[in-house]
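Visitor: I should like to learn how to read the features of a protein model. May we take them one at a time?

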Amino acid sequence: MTIKPDLTQPIPDDLGTVHFVGIGGSGMSGIARMFLAAGHRVTGSDSRETATTGRMRELGAEVHIGHAATNVGAADTIVVTSALWPDNPELLEAQRRGLPVLHRSQALAALIAEHRLVAVAGAHGKTTSTGMIVTAMVKLGLDPSFVNGGVIQSLGTSSAPGTSDLFVVEADESDGSFLLYDVAVALITNVDADHLDHYGSEDAFIDAFVEFAAKARERIVVSSDDAGAKRVTAGVRAREHAPEVVTFGEAADADVRIERIVESAGVEVDFRSAGESHHLTLRVPGRHNAVNAVGAFAVLVGLGVSPADAVRGIEAFGGTERRFELHGVERGVSVYDDYAHHPTEVAAALRAARNVVGDGRIIAIHQPHLYSRTRMMAGDFAAVYEQLADHTVVLDVYGAREDPEPGVTGALVQERFHDQTHVDYLPDWAEASARAAAVARDGDIIMTLSCGDVYRIIPQVLTALGDATANRTDGVSAR
């Protein structure tokens, strides 16, 4: 089982040389870049060589591949994530030496001190919403510091230092560490129950969001539509000295109310705020992104940006990596990747793909993420894929921070399909790639979905598509 970081660990005034265990991760690398920019010596390790580890070396970090006690070197502070196993040799070495071991959110909190913090939280949509806010701020010359959970495509990075007092972060709720931040403005995209392996119950999950929201000094922007978010709003408003609450969404009583959404290759949204009508056009598809954009608008206006400038800034957003990201087209088949790893996220991603594919079909490649989530939500995943994809190939579970559970495999999802002709469980990636390529025909989309390493299958899929000897299967009907 993975570690449970001590979030009460005092943060030293001087972190000195900082060593990141897992520096190749999207979140960890972003924070490590900020420490380099702040003048710290940075070292780190990861299990394999990637483009990210190479980039960290280019920026000046000393990066080791593989985990060993010697990697700690002359580090003064160790930064870890909740995905770390307790027998990691670098963690053990740090503990032996008595070095401060900080969760990544504690390291980030040390960087944020004295800034006006905008923190974006939610079960889904927080990376994209953070990207929208940051893109708008950069477009408008506000020059924020920021750390996002994914690369913002127009900026080519997931983090950067700025010169203003604004700091924007994607706040991770998975282990409760988002409660560490001293927040000025908080955005909650939704509160769809997740991470119950950590929280134990949906009520505890909701309570954590109430605590996060209530700490905002200036304003909390929260969904008017999501059931969990409504509970959070009620919980915050019931407290004394609660911050200003601004709701956004399609509900009739929303403060920033969506009136119309038009989906195509991108998405358009009409909405009203403070008695005025606004129109916003996004380059990224999906109804969910229209809602994310309106939430970002409410944050920006709350920071003093004019409504017209907020719209102009958000319209500059071009997406984030691993969010409906096109990787190639072969034999007329477009191959996309998406980070979706919860049934609600998968549904949103597939609906966006449906608007893009037109008369074509969607062949989904699903990599279950976490044994606990697969065990609890296998039926929910199956229902979403069976309804919204034309064919689904299920891989095995990407365990991440969890130990394997007996009997929990991708087969749990496959077995829940009512029509077994629309699903395959193929743990072997070569077989899975060949099957997806055989099903696909000109005009279709093949889409990988997971926050695991499923994106690594994409070269195999493109190769299989280009193989003239691939067995074609045209019997899968469009919906």
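Visitor: At which residue does helix α12 bend, and by about how many degrees?

Guide: Please bear in mind that this is a predicted model. Helix α12, which covers residues 371–388, bends at M377 by about 70°.

Visitor: Which residues of α12 are buried?

Guide: M377, the site of the bend, is itself one of the buried residues. The others are Y371, S372, R373, T374, A378, F381, A382, V384, Y385, E386 and L388.

Visitor: What is found in the loop between β18 and α12?

Guide: L370 lies in that loop. Its phi is positive, about 80°, although L370 is not a glycine. L370 has 1% relative accessibility and therefore counts as buried.

Visitor: Is H241 buried or exposed?

Guide: H241 counts as exposed, because its relative accessibility is 78%. Like the previous example, it is a residue other than glycine with a positive phi, here near 55°. H241 belongs to the loop between α8 (227–237) and β12 (244–249).

Visitor: How does one describe two packed helices?

Guide: One gives the angle between their axes and the distance between the axes. For helix α1 (residues 26–37) and helix α2 (residues 51–59), the axes come within 11 Å and cross at roughly 5°. An angle under 35 degrees counts as roughly parallel, and α1 and α2 are therefore roughly parallel to each other.

Visitor: Which residues of α1 and α2 meet?

Guide: From α1 come S29, A32, R33 and L36, and they meet T52, M56 and L59 of α2. By character, the residues of this contact divide into four nonpolar, two polar and one charged.

Visitor: How do the strands of a sheet pair?

Guide: They pair through backbone hydrogen bonds, and the pairing is either parallel or antiparallel. In this model, five strands form an open sheet with parallel pairing, in the order β3-β2-β1-β4-β5. Its edge strands, β3 (62–65) and β5 (101–103), each pair on one side only. Direction ignored, neighbouring strands of the sheet are turned by 20° against each other on average.

Visitor: Over how many bridges do β4 and β5 pair?

Guide: Strand β4 (residues 77–80) pairs with β5 over three bridges, in the parallel sense. Within this region, V79 stands opposite L102 of β5.

Visitor: Which strands of the sheet do α1 and α2 touch?

Guide: α1 packs on the sheet and touches β1 (18–21), β2 (42–46) and β4; the directions of α1 and β1 make about 170°. α2 also packs on the sheet, where it touches β2 and β3, and its direction makes about 150° with that of β3.

Visitor: How are side chains arranged along a regular strand?

Guide: They alternate between the two faces of the sheet. Strand β18 (residues 362–366) offers a case in which both faces are covered. On one side are I362, A364 and H366, on the other I363 and I365, and all are buried.

Visitor: With which strands does β18 pair?

Guide: β18 pairs with strand β21 (residues 445–449) in the parallel sense, over five bridges. There, A364 stands opposite M447 in β21. Four bridges join β18 to strand β19 (residues 391–394), and these two strands also run parallel. The bridge partner of I365 in β19 is V393.

Methods:
Residues are numbered from 1 along each chain as its sequence is written. Side-chain values use heavy atoms; hydrogens and water are left out. The bend at a residue is the angle between axes fitted to the seven residues ending there and the seven starting there. Buried means under 20% relative accessible area, exposed over 50%, partly exposed in between (1.4 Å probe, protein chains only). Axes are lines fitted to C-alpha atoms, for helices over the stretch in contact, and angles run from 0 to 180 degrees between N-to-C directions. Angles under 35 degrees count as roughly parallel, over 145 as roughly antiparallel, 65 to 115 as roughly perpendicular and the rest as oblique. Contact means heavy atoms within 4.5 Å. Ala, Val, Leu, Ile, Met, Phe, Trp, Tyr, Cys and Pro count as nonpolar, Asp, Glu, Lys and Arg as charged, and the others, Gly among them, as polar. Two strands pair if DSSP finds at least two bridges between them.
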